[in-house]
Amino acid sequence: MASLFTPCSETYDLPAPLPLDGGQSLDNVRIAYETYGTLNADASNAILICHATTGDQHVASPHPITGKPGWWDKMVGAGKQIDTERFFVICPNVLGSCMGTTGPGSLAADSKPYGLRFPVITIRDMVRAHMLLLDHLGVERLYAVIGGSMGGMQALSLSVNWPDRVERVLALATTAAMPVQNIAFQEVGRQAIMADPDWQQGAYYDTGRAPDAGLAVARMAAHITYLSEATLSEKFGRRLQDRDAKSFGFGADFQVESYLRYQGSSFTGRFDANSYLYITRAMSYFDLGEERFGAGHNRRLSEAFAGVKARFCVVSFDTDWLYPTSESRKIAHAVNAAGAPVSFMELAAPFGHDSFLLDVPALDRVIGGFLSR
Amino acid sequence: MKQISVKLRPDLAVIAAHVAAGAKVLDVGCGDGTLMAALRDERGCDVRGLEIAPDNVAACVGQGLSAIQGDADTDLGLYPDAGFDYAILSQTLQTTKRPDIVLEELLRIGRRAFVSFPNFAHWRVRSDLLWRGRMPVTRLLPVAWYATPNIHHLTITDFRELVRERGICVEGAWFLAGDGLIQPALANWRAEHAVFLLARDGVNPA
């Protein structure tokens, strides 16, 4: 299992243990990352792109397992909106993931995979690792940090916790505190994995079995939340899959069922179940106010943004019901009340939460415009 | 009056010429950011916008301006007190659901407010109503009654009456006709639109 996820990117091994929000620290952390373009002489053209839950560092280069183009290939590259002729683009795999950065599938000091011995991490822990990578690359101050969904959480966390290190923040389809509905959906996913007998309390790496069935169900449930009613209706409607009549059985009668099964099973080939547990846990814990003031604080979100030095651009999509516009608007008004320059808009796009990854020309214009000056 | 070098709509030119250099400004209904860009580039102002149309917000972002998509009727309440030197509302007051509340909000958020609006008592408007018995369609009110965004028509006299009732101080008033400034005499007959600079009583003179 773990061998599937052999790093194929550049890597950086942290020279010291990484302190974590949970109180522990993690030894021998490796960060896998990709870069595009060239860092200029005064190191002023670096852009950090933070990937989403099950994303990876291959933002604009082919995925090593699936062979598919990078997940934001349409946005990042020479002459594109995030122009690699102009910018030095850095995309690290997040802490806890399985594409080369240290996670629960990595080997612990006893040369066995961590499994559940891996400490629970937070979004800020991921960003702390990013910051050490930036130190290593000689980037003191980012031209911009960009992220959608969980990537947007990292971007916001960076802007608040390391305010001197970023000039522009582009946060897409995200939130300043994980909404309860999303916590609920992610719990369903984790329970599906943990209910799979092949999960074996997370210690499945050397057993020849893995909780693929549970992970596939988790992915199916999550995938629904990334789409919109409009997308589902247009793509599948109530149409049947390769058959003229219902089977009166439990096969994939409907096209949407077949599609979700495919999404679920193909996911297991490229993602580690324990990483899914840890990363969704980090997301459900995410609360920018708590990062700043600790649990149980009574402060307003605008106070969490006090002292930020970046210019912000916050974008939501009208069909995204997972990270709805109300979440982005809260961020925008909090930043505004904190006195920092911020733009916010809700773009019209039919694709639900996934809109930030898909073809939305208005988004291209906004990103290009925001980065232009 | 300090002229701005870019060509602005006449009411915006009046506003731009009277905003103090370096001021912090909120432009409510900022459109595509024309006034914001002029204030930033030529007056060194720190400018923010509120705008209802996402395309316009995107146009602002493309110029490096900061604008929030939102609605003056509902979103001004989210802005802190006295966060700005000026709040600007140009050609938007008559489109809001409650112009009186919007006006109060402007003067809560900004220490001063610029408000411009088309004057419904201009002689051409009066003549349409008097002689033709029709809701006026003029150069500044170009849309028929059933499609116009202007849901609260007002006159210069109405506006003066409202600010007097609310104890708001008029620090400046400019009247425009045919894209030029005119003298204040008989403004409620002769002006196509008006620009007012307002402050709460007790604000130190600019």
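What radius of gyration would a compact globule with 373 residues have, and what value does chain A have?

**Figure 1. Overall view of chain A in the predicted model.** A compact globule with 373 residues would have a radius of gyration near 21 Å, and chain A, at 20 Å, agrees with that expectation. Along the principal axes, the C-alpha atoms of chain A fill a box of roughly 65 × 50 × 45 Å, and the secondary structure of the chain comes to 11 helices and 12 strands. Of the 373 residues, 51% count as buried, while 70% of the contacts in chain A with a separation of 6 or more are accounted for by residues 24 or more positions apart.

**Figure 2. The two domains of chain A and the contact between them.** Domain 1 is made up of two segments, 2–178 and 287–372, whereas domain 2 covers 183–279. The centres of domain 1 and domain 2 of chain A, taken over C-alpha atoms, are separated by 25 Å. To the contact between them, domain 1 of chain A contributes 27 residues and domain 2 of chain A contributes 19 residues. On the side of domain 1 of chain A that touches domain 2 of chain A, the residues divide into 15 nonpolar, 11 polar and one charged.

**Figure 3. Helix α7 of chain A and its surroundings.** Helix α7 of chain A runs over residues 273–285, and its 13 residues reach 19 Å from the first C-alpha to the last, close to the 18 Å expected at 1.5 Å a residue. Because 11 of the 13 residues of α7(A) are buried, the helix is largely enclosed by the rest of the structure. Among the buried residues of α7(A) are A:Tyr276, A:Leu277, A:Tyr278, A:Ile279, A:Met283 and A:Tyr285, alongside polar residues including A:Asn274, A:Ser275 and A:Thr280. The buried residues of this helix pack against α1, α2 (150–161), α3 and α4 of chain A.

**Figure 4. The largest nonpolar core, with A:Leu170 as one of its residues with the most contacts.** The largest nonpolar core has 170 residues, and those with the most contacts inside it are A:Ile47, A:Val89, A:Val145, A:Leu170, A:Val335 and B:Ala87. Helix α7(A) gives the most to this core, with eight residues. Since domain 1 (2–178 + 287–372) and domain 2 (183–279) of chain A both give residues to the core, it lies between them. When its neighbours within four places in sequence are left aside, A:Leu170 is in contact with A:Ala144, A:Ile146, A:Ala155, A:Cys313, A:Ile367 and A:Phe370.

**Figure 5. Helix α1 of chain A and the glycine that follows it.** Helix α1 of chain A, residues 123–137, has 15 residues and reaches 21 Å from its first C-alpha to its last, close to the 21 Å expected at 1.5 Å a residue. The buried residues of α1(A) include A:Ile123, A:Met126, A:Val127, A:Ala129 and A:Leu134, and charged residues are also found among them, including A:Arg124, A:Asp125 and A:Arg128. Just after the helix, A:Gly138 takes a positive phi of about 80°.

**Figure 6. Two loop residues of chain A with positive phi, A:Ala173 and A:Gln200.** Most residues other than glycine have a negative phi. In A:Ala173, by contrast, phi is positive, near 45°, and this residue is placed in the loop between β10 (168–172) and α3 (180–194) of chain A. Phi of A:Gln200 is likewise positive, near 55°, and A:Gln200 lies in the loop between α3 and α4 (212–226) of chain A. Which of the two is buried and which partly exposed? A:Ala173 is buried because 31 other C-beta atoms lie within 10 Å, where 20 or more suffice, whereas A:Gln200, with 14 C-beta neighbours inside 10 Å, counts as partly exposed.

**Figure 7. Chain B and the side of it that touches chain A.** The secondary structure of chain B comes to eight helices and eight strands, and its radius of gyration of 16 Å agrees with the value near 17 Å for a compact globule with 206 residues. Of the 206 residues of chain B, 44% count as buried. In the contact between the chains, 14 residues of chain B meet 20 residues of chain A. On the side of chain B that touches chain A, α3 (54–62) and β3 (66–69) each supply at least two residues, and the largest share, six residues, comes from α3(B). The residues of this side of chain B divide into nine nonpolar, four polar and one charged.

Notes
Residues numbered from 1 in each chain as written. Chains lettered and ligands numbered in written order. Predicted model: local features only at pLDDT ≥ 70, side-chain atom pairs only at ≥ 80, totals over all residues. Helix = DSSP H or I, 4+ residues; strand = E, 2+ residues; numbered from the N terminus. Rg over C-alpha atoms; globule rule 2.2 N^0.38 Å. Buried ≥ 20, exposed ≤ 12 C-beta atoms within 10 Å, placed from the backbone. Contact = placed C-beta atoms within 7 Å. Expected span 1.5 Å × (residues − 1). Domains from an automatic or database assignment. Core = buried A, V, L, I, M, F, W, Y, C linked by C-beta atoms within 7 Å.
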